[in-house]
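Q: Could you show me how to read a protein model step by step, starting from one feature and building up to a picture of the fold?

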Amino acid sequence: MSEEQLKIHHDKHHAAYVTGANAILEKLDKAHKGEIELDLKAEIKALSFNIGGHVMHSLFWENLAPAGKSGGGEPTGKLADKIKEDFGSFDRFRDEFNKAGISVEGSGWAALAHCKLTGRLLLMQIEKHSVNLYPNFDILMVADAFEQAYYIDYKNDRAKFFGAIWEVINWKKISERLG
Ligand SMILES: [Fe+2]
């Protein structure tokens, strides 16, 4: 992942979701004071998109690390055991995660989630930033499948980006999220 790709993605695209969410929150505040009328359906939908965008990107940056330093390799300990138990093997998990990300309709995310009730790990295929989420699951690991994540480095080749992202995955952070 190049510096240019990372900077534009963080400073322009991620920032736009934060700006967008704050603008809607300000509109809600004005509406609550009776100053403006709102299309509540549209605003709440847009708020989900923008807050989702901020939260997902925050998870994303934290589960990345420089290749060869904290990034790359394979998980260890409890996380490695859980992946083997629930997916059969690490290779199988990686393959399924990539398939989930590459096949997102339009823009979205691949995510590894943990069910707090059963302890099971499950993949999520999130459309946009918040569609098809499993409510109340812990999100352990995400990979951005929006073109904004890879267009400078890989043009429109989402599969190539998903093939390369494993070199910068921060397994220590993801293990911490599992607890
Ligand atoms: Fe993104």
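Q: What is the order of the strands in the open sheet, and is the pairing parallel or antiparallel?

A: To read a sheet, one follows which strand sits beside which, and in this predicted model the open sheet of 3 strands has the order 2-1-3, with antiparallel pairing. Strand 2 and strand 3 are the edge strands, since each of them pairs on one side only. From one strand to the next, the twist averages 25 degrees.

Q: How many bridges join strand 1 to strand 3, and which residue stands opposite Leu112?

A: Strand 1 and strand 3 run antiparallel and are joined by 6 bridges. Across this pairing, Leu112 stands opposite Met141 in strand 3, while Ala113 stands opposite Ile139 in strand 3. When you look at such neighbours, keep in mind that in a regular strand the side chains alternate between the two faces of the sheet.

Q: Which helix packs on the sheet?

A: Helix 7, made of residues 171–178, packs on the sheet and touches strand 1 and strand 3, and its direction makes about 150 degrees with that of strand 3. Strand 3 is mostly covered, with 5 of its 7 residues buried.

Q: How many helices and strands are there in the protein chain as a whole?

A: The protein chain has 7 helices and 3 strands, and along the sequence they follow the pattern α-α-α-α-β-β-β-α-α-α. Contacts tell us how distant parts of the sequence come together: of the contacts with a separation of 6 or more, 65% are between residues 24 or more positions apart.

Q: What radius of gyration does the protein chain have, and why does it agree with a compact globule?

A: The idea is to compare the value with the one expected for the chain length: for 179 residues a compact globule would have a radius of gyration near 16 Å, and the protein chain has 17 Å, so the two agree. The C-alpha trace spans about 55 × 40 × 30 Å along its principal axes, and buried residues make up 26% of the 179 residues.

Q: How many residues does the largest nonpolar core have, and which have the most contacts inside it?

A: A core is read by asking which buried nonpolar residues join up, and here the largest nonpolar core has 28 residues, with Trp109, Ala110, Ala111, Leu112, Val142, Ala143 and Ala145 having the most contacts inside it. Several elements each supply at least two residues of this core, including helix 2 (40–62), helix 4 (90–102) and strand 3 (138–144), but strand 1 gives the most, with 5 residues. Taking Ala145 as one case, and leaving aside residues up to four places away in sequence, we find that among the residues it touches are Gly101, Val104, Trp109 and Arg158.

Q: Where is Asn136 found, and is Asn136 buried or exposed?

A: Asn136 is found in the loop between strand 2 and strand 3, and it counts as exposed because it has 9 C-beta neighbours inside 10 Å. Backbone angles add another detail, for most residues other than glycine have a negative phi. The phi of Asn136, however, is near 70 degrees, a positive value.

Q: In which loop does Lys155 lie, and what is its phi?

A: Lys155 lies in the loop between helix 5 (151–154) and helix 6, and its phi is near 55 degrees, a positive value in a residue other than glycine. Lys155 counts as exposed because it has 11 C-beta neighbours inside 10 Å.

How values were computed
Residues are numbered from 1 along each chain as its sequence is written. This is a predicted model: local features need pLDDT of at least 70, side-chain atom pairs count only at pLDDT 80 or more; totals for chains, interfaces and linings use all residues. Helices (H or I, at least four residues) and strands (E, at least two) are DSSP runs, numbered from the N terminus. The radius of gyration is taken over C-alpha atoms; the globule rule is 2.2 Å times the number of residues to the power 0.38. A residue is buried if 20 or more other C-beta atoms lie within 10 Å of its own, exposed if 12 or fewer, and partly exposed in between; C-beta atoms are placed from the backbone. Two residues are in contact if their C-beta atoms, placed from the backbone, lie within 7 Å. A nonpolar core is a set of buried Ala, Val, Leu, Ile, Met, Phe, Trp, Tyr and Cys residues joined through C-beta atoms within 7 Å. Two strands pair if DSSP finds at least two bridges between them. Axes are lines fitted to C-alpha atoms, for helices over the stretch in contact, and angles run from 0 to 180 degrees between N-to-C directions.
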